[in-house]
There are 2 protein chains.
Amino acid sequence: MSNLYVALTHYPVVDKRGDIITSAVTNLDLHDISRAVKTYGVKSFYVVTPLKDQQSLVQKIISHWTHGAGAVYNPARRSALELIKVKDTIADVAADIKDIENVDPKTVVTCARRYPSSTGYKKFRDILKSDSPHLLIFGTAWGLAEAFIAEADYILEPILGPADYNHLSVRSAAAIILDRLLSA
Amino acid sequence: MSNLYVALTHYPVVDKRGDIITSAVTNLDLHDISRAVKTYGVKSFYVVTPLKDQQSLVQKIISHWTHGAGAVYNPARRSALELIKVKDTIADVAADIKDIENVDPKTVVTCARRYPSSTGYKKFRDILKSDSPHLLIFGTAWGLAEAFIAEADYILEPILGPADYNHLSVRSAAAIILDRLLSA
C-alpha cells in the first residue's frame, strides 16, 4: 500500500470566469471518490470546505451510510464512506497528516492545464513507492485557484485522450488518476 | 481515433440479491460518461432503457444542455451530451451501429468478476487498433445479468487496485476503462 492521502476541496477554486469561489458539495463526489479511494488503498479521503452548513451536510451523508439505514443496506458503501474526514482548510488536512505521520506531507495538485514543471504519471508512480506521505488534492468547480496550484510540491500532467476535449468531471479525473498511480 | 461505441444499459441488470431488474437512470451517469466518451474520442454514447418515461427524462436532460439554457451556459457540456443516443435495447444499439458501419459490432462487456475467458486491457487495446467496430457495454445497478454477459464477444477483466475492494461506481469504472483502452 502506498502512503497516499486524497483531498477534495471546495475552496479556493474558480468559477467559469476564473473568479475564486467556495463551491457547493456534490453528494456523488463523496460516494464515487470514496469508493475509488477504497479500491486503490488510499489512507483517508478529506473533504474540505470552510462552510459549516456544508460540513454538516457531509457529516449527515456519511452518517446515513456508516451508522444509519444505509450501513445495513450496503456495507460496501459503508467501508468506503468511513474513510472520509471533513476539514476547514487544506492546511488543517496537512496538520492532520503530520499528526499521523510525524512529517509534513508533500502536496500534489491536478490541473487541466500543462505547466513546464508538470510531473508525469509514471514518474509520480515511482515517487509514491517511497514511504513518505503525499497528499493528492482535487479541486471542484472549474478547478483549483492558480495561487494555490503554484504552492504545491508537484503538479500532475493533465489527463489527455486522443480527442481535443479536456472537461472530465472531478469524479472521473480522480478515478483515472488513482488508477494510473496505484493500479496493480 | 478508434472505432469504439459505448452503451450504458439499465436492463438486463441485477439488484443486490441477483434478481434481474430495470434500473432507473442517474443524471450524473449521463454527464460523467458522455464527458469521458468525448475525451477519449468514442463515436457515440448509447443510453439504453426500455421504459418510455425514463427515455423522456434522458431526452429532457440532453435537450437542456444541447438546446436549452445549459447550451449557452456551458458549451463544453453540450458537445459531450450531444453524443448520447437513446435506445430501447442493446439489439437496437447494435442495429444502429450496423447501419453506420455496414457490419455488426463486436460486443465487449465489463464485470466486477473475473472469468476464465476474460480479456486483459493491453490485449483489448491492441484489438481496438483494427478498424472494425466494437461496442463496449456498461451495466448499472449491481451489474449486467449473467446470461447477457455470456453472449458477449469479449469480457474485460475486473478493475483491481492493491486493496481487496471491488465496488467502483459505473461512472468511475467507465472513466478508468476508457483511459486504459484509449489514453494517448
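## Exercises on chains A and B

In this predicted model, α1(B) and α8(B) are roughly parallel to each other.

**Exercise 1.** Work out why α1(B) and α8(B) are described as roughly parallel to each other.

*Solution.* Two packed helices are described by the angle between their axes and by the distance between those axes. For α1(B) and α8(B), the angle is about 5 degrees and the axes lie 9 Å apart. Angles under 35 degrees count as roughly parallel, and therefore the two helices α1(B) and α8(B) receive that description.

**Exercise 2.** Find which residues of α1(B) and α8(B) meet, and sort the residues of this contact into nonpolar, polar and charged.

*Solution.* From α1(B) come B:Leu28, B:Asp29, B:Asp32, B:Ile33, B:Ala36 and B:Val37, and these meet B:Val170, B:Arg171, B:Ala174, B:Ala175 and B:Leu178 of α8(B). Sorting the residues of this contact gives 8 nonpolar and 3 charged, with no polar ones.

**Exercise 3.** Describe the interface between chain B and chain A, beginning with its extent and ending with the helices that supply it.

*Solution.* In chain B, 37 residues are in contact with 37 residues of chain A, and the area buried between the two chains is about 3100 Å², with carbon and sulfur atoms giving 58% of that area. The count of salt bridges between the chains is 4; in one such bridge, the side chains of B:Arg180 and A:Asp179 meet at 2.6 Å, N to O. On the side of chain B that touches chain A, at least two residues each are supplied by α1 (27-39), α3 (69-73), α4 (75-81) and α8 (170-182) of chain B, and the largest share, 7 residues, comes from α8(B). That side of chain B divides into 19 nonpolar, 10 polar and 8 charged residues.

Methods
Residues numbered from 1 in each chain as written. Chains lettered and ligands numbered in written order. Predicted model: local features only at pLDDT ≥ 70, side-chain atom pairs only at ≥ 80, totals over all residues. Heavy atoms only, no water. Contact = heavy atoms within 4.5 Å. Buried area = accessible area lost by both parts, 1.4 Å probe. Helix = DSSP H or I, 4+ residues; strand = E, 2+ residues; numbered from the N terminus. Nonpolar A, V, L, I, M, F, W, Y, C, P; charged D, E, K, R; others polar. Axes fitted to C-alpha atoms, helices over the stretch in contact; angles between N-to-C directions. Parallel < 35°, antiparallel > 145°, perpendicular 65-115°, else oblique.
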